[in-house]
Each structure stands twice: as C-alpha cells, then as structure tokens.
Amino acid sequence: MMVMLNESFKALIRDILPNKEQAQALEKAFVEVVNDRATTQRIGLDELKSKAIDEIKGEFVTKDFLRAEIAEVRAEFAEVRAEFAQVRTEIAKTKNEILRWVIGLQISTIVAVGAMLKFML
C-alpha cells in the first residue's frame with residue numbers, strides 16, 4: 001500500500017524550502033516514513049490478529065474431551081448419590097435407636113409409677 005502526499009502538503013513543503021531539490025527530497029522522505037509506518041502497523045495488526053486467533057483456538061474443546069469431562073462429572077454425581085444413601089441409612093438407624101430408647105424409657109416410667117402406687121397403697 002503506497003501512500004501519496006496530497007498537493008496542499010507538497011505546496012507547504014515547497015513554501016518552506018524554496019530549493020526545489022530539497023523540497024523533493026523532503027517529500028520523498030515523508031512518503032518513505034509514512035509508507036514504513038503504514039507497513040509496520042499492518043504487520044502489527046496481522047501479528048495481533050494471529051495471536052488472537054491462536055488464543056481462541058486454544059479455548060476450543062474437542063467432542064472427545066467434552067465427553068470425558070461429562071463422564072467425570074457423572075461419576076462424581078454417582079459418588080455423591082452413594083454418600084447420600086449412606087447418610088440416609090445412618091439416619092434411619094439412629095432414628096430406630098432413639099425410638100427404642102424412648103419406648104424403653106416410657107415402659108420403665110410406667111413400671112416405676114406402678115411400683116410406687118403399690119408401695120403407697
């Protein structure tokens with residue numbers, strides 16, 4: 001991409017430098033600097049674009065990887081469900097044990113009250 005200086009800028013250079021050869025040399029220098037800058041920016045943008053594309057590609061996952069991750073999550077869910085089942089079983093056992101104690105205490109209380117009544121009467 002070649003950048004050309006507009007005529008008003010060229011006229012400004014000619015007004016500043018009355019020597020025609022010096023003005024042409026300065027015009028040529030400006031064109032080279034501007035063209036070099038445009039090329040450098042284009043290269044910089046191309047590099048930036050390729051880096052962004054590489055980063056984005058690094059974030060993509062394959063179907064196999066995704067399937068493996070899903071299988072791992074399902075296995076973890078199965079473990080959690082098994083742990084919940086164990087906790088429920090322990091709760092049921094504890095509930096039964098507490099119920100036995102309560103019934104036993106009630107029976108012993110009734111027997112103790114009956115013994116007291118016999119003793120008092």
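Val 61, Phe 65, Leu 66 and Ile 70 together make a nonpolar patch of about 360 Å² on the surface of this predicted model. One member of the patch, Leu 66, sits in helix H3, which covers residues 63–120. Is Leu 66 buried or exposed? The answer lies in between: its relative accessibility is 45%, so Leu 66 counts as partly exposed. The cut-offs behind this are under 20% for buried and over 50% for exposed.

Helix H3 also contributes to a patch of another kind. Glu 69, Glu 72, Glu 76, Glu 79 and Glu 83 form a negative patch on the surface. Of these residues, Glu 69 is found in helix H3. Glu 69 has a relative accessible area of 34%, and is therefore partly exposed.

Charged side chains can also pair with each other. How many salt bridges does the model have? The count comes to 1. The partners are Arg 67 and Asp 64, whose side chains meet with a nitrogen-to-oxygen distance of 3.9 Å. This falls within the 4 Å limit used to call a salt bridge. Both Arg 67 and Asp 64 belong to helix H3, where they are 3 residues apart, or about one turn of the helix. Both ends of the pair can be described by their accessibility as well. Arg 67 counts as exposed because its relative accessibility is 56%. Asp 64 has a relative accessible area of 58%, so Asp 64 is exposed too.

Next comes helix H1, which spans residues 7–16 and includes Phe 9. At 28% relative accessibility, Phe 9 counts as partly exposed. Phe 9 can also be placed relative to Glu 27: the two residues are 18 apart in sequence, and their C-alpha atoms are 8.9 Å apart in space.

These details can now be set within the whole chain. Which secondary structure elements does the protein chain contain? There are 3 helices and 0 strands. Read from the N terminus, the order of elements is α-α-α. Helix H1, with Phe 9, covers residues 7–16, and helix H3, with Leu 66, covers residues 63–120.

The last step is to look at burial and surface for the chain in total. The protein chain has 121 residues, and buried residues make up 7% of them. Its accessible surface comes to about 11300 Å². Carbon and sulfur atoms account for 64% of that surface.

Terms used. Residues numbered from 1 in each chain as written. Predicted model: local features only at pLDDT ≥ 70, side-chain atom pairs only at ≥ 80, totals over all residues. Heavy atoms only, no water. Patch = residues over 30% accessible without salt bridge, like charges linked within 9 Å, V, L, I, M, F, W, Y side chains within 5 Å. Areas by Shrake-Rupley, 256 points an atom, 1.4 Å probe, with all protein chains shown as cover. Helix = DSSP H or I, 4+ residues; strand = E, 2+ residues; numbered from the N terminus. Buried < 20%, exposed > 50% of the residue type's maximum accessible area, 1.4 Å probe, protein only. Lys, Arg positive; Asp, Glu negative; His and termini not counted. Charge placed at Lys NZ, Arg CZ, Asp CG, Glu CD.
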